[in-house]
Amino acid sequence: MSFFKKLKEKFVKGPESEEEKEQQKFDETEDSDDKAHSLEADSADSEHQEVADLQGETEAPETEVSAEDEEEDTLESAVDEEDDQDVEDLEESFGEEDGAESQEEDEKVSIASKFKMGLAKTRNSFSTKINDLVARYRTVDEDFFEELEEVLISADVGVTTVMEMIEELEMEVKRRNVQDPQKVKEIISEKLVEIYYGDDRAEEIEGLNENPDGLTIYLFVGVNGVGKTTTIGKLAHRLKSEGKNVTLAAGDTFRAGAIEQLEEWGKRVGVNVTKHSEGSDPAAVIYDGIQSAKSKNADVLICDTAGRLQNKVNLMNELSKVKRVIEREVPGAPHEVLLVLDATTGQNAMSQAKTFSEATDVSGIVLSKLDGTAKGGIVLAIRNELEIPVKLVGLGEKVTDLETFDAHAFVYGLFADMIEEYDEEEELS
């Protein structure tokens with residue numbers, strides 16, 4: 001079976017299964033539909049009249065209420081202008097009203113759809129370049145691979161990863177005796193998944209590790225401005241929605257406003273936040289956070305830390321001290337050390353990853369703002385060159401847009417248009 005077809009079957013329902021489902025639904029509801037249509041016809045006139053009467057009764061009061069609302073909105077906007085930008089971003093992530101978020105939850109957008117939407121910028125750029133390359137070549141030769149190399153590098157896949165991938169592609173094309181450049185698209189997608197997983201199995205590197213015997217502790221690291229505190233808030237919301245008792249520790253006592261921002265997230269999500277005053281010892285905050293989490297029988301403690309890189313020695317010392325406190329209080333913890341990187345910074349994110357991996361044992365990457373970049377290939381560069389798996393990705397502004405990374409879903413999102421074209425070609429052939 002072709003790789004495109006495997007991705008299609010994994011993330012999109014096939015025509016046959018969909019037809020069977022529709023047929024079954026039709027068989028089960030045929031009789032009840034006839035009765036429903038009859039009832040609707042009998043009651044339609046009375047319902048229309050009731051709606052008209054209701055609109056007539058409420059028209060005047062509605063105008064007065066909207067005027068009052070307008071005055072309140074003006075006061076609220078004046079307050080909002082004085083708020084920190086981080087808090088404004090927090091408001092946006094929750095949506096304008098709780099009802100809007102509830103409606104979003106009801107839609108239950110699939111993981112594949114979220115990756116497809118979140119990778120739109122990368123896909124549009126990448127697909128355009130690949131299709132243009134394929135259109136200009138009638139056969140797969142050395143020049144074709146040289147241009148393909150440039151396309152992959154431009155997507156921030158990373159020079160080292162690209163060279164390895166091109167070498168494997170050339171070998172695979174020869175092995176399969178592929179002459180048509182169109183067929184190379186599928187091989188590229190297949191190799192991207194293989195390079196990401198390497199020798200590891202998917203279940204070994206996907207998802208967050210948990211402590212089966214008690215408190216799970218996640219330690220977050222990352223420079224200022226990458227979305228670290230926002231990611232913590234989104235993860236807390238996600239874990240709480242799964243039924244877990246979550247608490248936060250505001251260990252970033254260095255950056256002005258960091259404590260207040262995390263506290264605001266705690267209020268929004270409905271979780272406890274342990275904090276000290278600005279400039280306090282981060283290790284002391286984390287210690288108190290652990291004691292608070294234990295006393296509240298929390299399932300998960302998420303710890304924020306300072307992200308300054310001006311002095312690597314101080315960073316190492318601070319993170320080492322925090323880790324020692326965690327390990328002493330909860331043996332085996334932290335269960336994840338998650339480095340948050342801004343996907344829009346491209347190769348700069350790679351240098352940050354190298355610095356933090358030297359300062360502490362980073363177990364996973366969280367890529368924020370993946371939806372805001374056309375260079376989503378940084379996922380593969382980080383995984384292949386630093387051998388650190390991407391655990392979570394930010395695919396949008398909403399509080400529900402933090403997703404567990406899935407390499408197959410990532411490649412599906414990257415090649416979605418090509419996969420659809422492939423299906424159409426298969427049907428015509």
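Which lysine does the side chain of glutamate 194 meet in a salt bridge? The first close-up below has the reply, and the other views move on to the strands and a buried threonine. Please keep in mind that this is a predicted model.

**View 1. A salt bridge along helix H9 joins glutamate 194 and lysine 191.** Welcome to the opening view, where the partner of glutamate 194 is lysine 191, with N and O 3.1 Å apart. Both residues belong to helix H9 (residues 181–197), and because they are 3 residues apart there, about one helical turn separates them. Their surroundings can be compared through relative accessible area: for lysine 191 the value is 9%, so this residue counts as buried, the limit being under 20%. Glutamate 194, at 38%, is partly exposed. The pair also belongs to a network of salt bridges that links Glu172, Arg175, Arg176, Glu190, Lys191 and Glu194.

**View 2. Lysine 114 and glutamate 403 form a buried salt bridge.** Here the closest N and O atoms are 2.8 Å apart. Lysine 114 lies in helix H5 (residues 111–118) and glutamate 403 in strand S8 (residues 402–404), so that the contact ties together distant parts of the chain, 289 residues apart. Both lysine 114 and glutamate 403 are buried. If you like to count such pairs, the whole structure has 25 salt bridges.

**View 3. Arginine 328 and glutamate 329 meet in a salt bridge.** The closest N and O atoms of this pair are 3.1 Å apart. Arginine 328 has a relative accessible area of 55% and is therefore classed as exposed, a term that applies over 50%.

**View 4. Strand S5 is covered on both faces.** In a regular strand, side chains alternate between the two faces of the sheet. On one side of S5 are Glu336, Leu338, Val340 and Asp342, while Val337, Leu339 and Leu341 are on the other, and all of them are buried. Since 7 of the 7 residues of this strand (residues 336–342) are buried, S5 is largely enclosed by the rest of the structure.

**View 5. S5 pairs with strands S1 and S6.** S5 runs parallel to strand S1 (residues 216–221), with 4 bridges joining them. Two partnerships are handy for finding your way: valine 221 has leucine 339 as its bridge partner in S5, and phenylalanine 220 stands opposite leucine 338. Strand S6 (residues 364–368) is also parallel to S5, this time over 5 bridges. Aspartate 342 faces serine 368 of S6. To get from S5 to S6, the chain passes through helix H15 (residues 347–359), making a right-handed β-α-β crossover.

**View 6. Strand S1 is buried and also pairs with S4.** Thr216, Tyr218 and Phe220 point one way from S1, Ile217, Leu219 and Val221 point the other way, and all are buried. With 6 of its 6 residues buried, S1 is therefore largely enclosed by the rest of the structure. Strand S4 (residues 300–305) pairs with S1 in the parallel sense through 4 bridges. A good place to look is isoleucine 217, whose bridge partner in S4 is leucine 301.

**View 7. Threonine 231 sits buried in helix H11.** Helix H11 covers residues 228–241 and includes this threonine. Its relative accessible area is 5%, so threonine 231 is buried. The side chain of threonine 231 comes to 2.7 Å from the backbone oxygen of glycine 227. Beyond neighbours within four places in sequence, threonine 231 is in contact with Phe220, Val340, Val366, Ser368 and Leu402. Some of these names will be familiar from the strand views: Phe220 is a residue of S1, and Val340 is a residue of S5. Ser368 is the residue of S6 that stands opposite aspartate 342.

**View 8. The whole chain places the close-ups in context.** The chain has 429 residues, 45% of which are buried. Its secondary structure comprises 17 helices and 8 strands. Among contacts with a separation of 6 or more, 77% involve residues 24 or more positions apart. About 22,600 Å² of the chain is accessible surface, and carbon and sulfur atoms account for 46% of that area.

Note on methods:
Residues are numbered from 1 along each chain as its sequence is written. This is a predicted model: local features need pLDDT of at least 70, side-chain atom pairs count only at pLDDT 80 or more; totals for chains, interfaces and linings use all residues. Side-chain values use heavy atoms; hydrogens and water are left out. Buried means under 20% relative accessible area, exposed over 50%, partly exposed in between (1.4 Å probe, protein chains only). Two strands pair if DSSP finds at least two bridges between them. A crossover is right-handed if, with the strands pointing away from the viewer, the path from the first strand over the helix to the second runs clockwise. A salt bridge is a side-chain nitrogen of Lys or Arg within 4 Å of a carboxyl oxygen of Asp or Glu. A polar contact is a pair of N or O atoms within 3.5 Å; within protein, one must be able to donate a hydrogen and the other to accept it, and residues adjacent in sequence count only if both atoms are side-chain atoms. Contact means heavy atoms within 4.5 Å. Accessible areas come from the Shrake-Rupley method with a 1.4 Å probe; for residues, only the protein chains shown count as cover.
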